[in-house]
Amino acid sequence: MPEADARSTPAAARDRDLADLAVKVDANRAAINGLGVHTAARFDRLDTEVRTGFAEM
């Protein structure tokens, strides 16, 4: 089977689609994790400010 024919088979197309999907999922996971870290840092700062405010009362 020539190489061009092998690349155009449904199985090869499915493999490429799965590889593309995996890259997109990994990128989304990294973005979500980054947002989680950012949000956690904001909550930590807020918690510190609230505790400081209550300590001053």
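Start with the whole protein chain: of its 57 residues, buried ones make up 2%. Buried here means under 20% relative accessible area, exposed means over 50%, and partly exposed is in between (1.4 Å probe, protein chains only). Bear in mind that this is a predicted model, where local features need pLDDT of at least 70, side-chain atom pairs count only at pLDDT 80 or more, and totals for chains, interfaces and linings use all residues. Residues are numbered from 1 along each chain as its sequence is written, and side-chain values use heavy atoms, leaving out hydrogens and water.

Now switch on the surface. The chain's accessible surface comes to about 5200 Å², with 61% of that belonging to carbon and sulfur atoms. Those areas come from the Shrake-Rupley method with a 1.4 Å probe; for residues, only the protein chains shown count as cover.

Go to cartoon next. You'll find two helices and zero strands (DSSP runs numbered from the N terminus: helices are H or I, at least four residues; strands are E, at least two).

Select Phe43, which sits in helix H2 (residues 10-56). Phe43 is exposed, at 55% relative accessible area. Add Leu46, Val50, Phe54 and Met57 to the selection, and together with Phe43 you have a nonpolar surface patch of about 600 Å². Patches take residues with over 30% relative accessible area and no salt bridge, joining like charges within 9 Å and nonpolar side chains (Val, Leu, Ile, Met, Phe, Trp, Tyr) within 5 Å.

On to the charges. How many salt bridges does a search of the whole structure find? Two, counting a side-chain nitrogen of Lys or Arg within 4 Å of a carboxyl oxygen of Asp or Glu.

Pick Asp26 and Arg29 for one salt bridge, 3.2 Å from N to O. Both lie in helix H2, three residues apart, about one turn of the helix. Asp26 is partly exposed at 45%, and Arg29 is partly exposed at 47%.

Then pick Asp47 and Arg51, a salt bridge whose closest N and O atoms are 3.0 Å apart. They are four residues apart in helix H2, so about one helical turn separates them. Asp47 is partly exposed at 36% relative accessibility, whereas Arg51 is exposed at 58%.
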